[in-house]
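Welcome! Have a look at the protein below and turn it around a few times before reading on. The notes that follow will guide you from the overall fold to a few individual residues.

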Amino acid sequence: MPTPPQKVRRSTGDRNEPRRRADAERSIATIVAAALDCFVHDRNASMTAVAGAAGVSRVTLYAHFPSREALLDAVLAHSVEQADAVLQGQHLDEGPADEAFSRLVRSSWRILERHAFLLSASEGVITPARRRKHHEKVLGRVERILTRGQQEGVFRSDLPMGWLVTTFYSLLHAAAAEADSRHLKAKSVPDILDRTLSAILRSPDTSP
């Protein structure tokens, strides 16, 4: 009598995988938040200090972030996401473009001032190109306002848009460095930035 064929049991995969993935995501979020707090108080905070603040072992920390560069990169990405969320609430697509740009400058400075420690903490660790790439979403908002301002005739259109956006990005970071070195008073920076950028970007066909 022939032996009936055995049923092949198909693997349904590791049913614990979603839970492990969720646990890993929570662990990563905890580490990034702890690192952000550590770098606020000590820009040279060690990986050991971050692990302690996060309540995880060094093994767990290095499993998620194999280097200080990887950790700083994640913290920088997180801070920029927070910044973009704040800017989203500023209604930058409403009202005259020059007024919206002024709100953007002042809001961007308040955000950058709170996270200025990341600039020095990541200096020599995260490349300038990588830092710029993290800001692409925020800089996209800058470009949209400038484009709208060009259409309204208040912002200059005789220079490449990429250069105008770079001017915004570079001056904000230069102001952060000047404030950090006490060459500018932090409370005066928003007005200085607003006036400087408005003067640079205003269309030569309009009166100041």
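At what angle do helix 5 and helix 8 pack, and how far apart are their axes? Helix 5 covers residues 97-114 and helix 8 covers residues 136-152; the angle between them is about 155 degrees, and their axes are 9 Å apart. Please keep in mind that this is a predicted model.

**The whole chain**

- The protein chain has ten helices and zero strands, so if you read its elements from the N terminus on, you get α-α-α-α-α-α-α-α-α-α.
- The chain has 208 residues, and 38% of them count as buried.
- Take the contacts in the chain with a separation of 6 or more: 70% of them come from residues 24 or more positions apart.

**Helix 5 with helix 8**

- Why can we call this pair roughly antiparallel? Their angle of about 155 degrees lies over the 145 degrees that counts as roughly antiparallel, and therefore helix 5 and helix 8 get that description.
- The crossing of these two helices, 5 and 8, is left-handed.
- On the helix 5 side, look for A97, A100, F101 and L104; they meet V142, I145, L146, R148, G149 and E152 of helix 8.
- Sorted by character, the residues of this contact between helix 5 and helix 8 are seven nonpolar, one polar and two charged.

**Helix 4 with helix 5**

- Helix 4 spans residues 68-88, and its axis comes within 10 Å of the axis of helix 5, with a crossing of roughly 145 degrees.
- Which hand does this crossing have, left or right? Helix 4 passes helix 5 in a right-handed crossing.
- Helix 4 brings A83, V86 and L87 to the contact, while helix 5 brings L104, S107, S108 and I111.
- Here the contact residues of helix 4 and helix 5 comprise five nonpolar, two polar and no charged.
- You may recognise L104 of helix 5: it is listed in the contact with helix 8 and also in the contact with helix 4.

**Two buried residues, R131 and H135**

- R131 is part of helix 7, which runs over residues 128-134.
- Is R131 buried or exposed? Its relative accessibility is 13%, and the cut-off for buried is under 20%, so R131 counts as buried.
- The side chain of R131 forms a polar contact with the side chain of S122, at 3.3 Å.
- Leaving aside residues up to four places away in sequence, R131 touches L76, L119, S122, E123, I126 and Y169.
- H135 sits in the loop between helix 7 and helix 8.
- With a relative accessible area of 14%, H135 is buried.
- With residues up to four places away in sequence again left out, H135 touches V80, Y169 and H173.
- Y169 is a contact of R131 and also a contact of H135.

**Two loop residues with a positive phi**

- H91 is not a glycine, yet its phi is positive, about 55 degrees.
- Where is H91? You will find H91 in the loop between helix 4 and helix 5.
- H91 has a relative accessible area of 47%, so it is partly exposed.
- R182 is not a glycine either, and its phi is positive at about 65 degrees.
- The loop that holds R182 lies between helix 9 (161-180) and helix 10 (189-201).
- R182 is exposed, with a relative accessible area of 74%.

Methods:
Residues numbered from 1 in each chain as written. Predicted model: local features only at pLDDT ≥ 70, side-chain atom pairs only at ≥ 80, totals over all residues. Heavy atoms only, no water. Helix = DSSP H or I, 4+ residues; strand = E, 2+ residues; numbered from the N terminus. Buried < 20%, exposed > 50% of the residue type's maximum accessible area, 1.4 Å probe, protein only. Polar contact = N/O pair within 3.5 Å; in protein donor to acceptor, adjacent residues only side chain to side chain. Contact = heavy atoms within 4.5 Å. Axes fitted to C-alpha atoms, helices over the stretch in contact; angles between N-to-C directions. Parallel < 35°, antiparallel > 145°, perpendicular 65-115°, else oblique. Left-handed = near helix turned anticlockwise from the far one by under 90°. Nonpolar A, V, L, I, M, F, W, Y, C, P; charged D, E, K, R; others polar.
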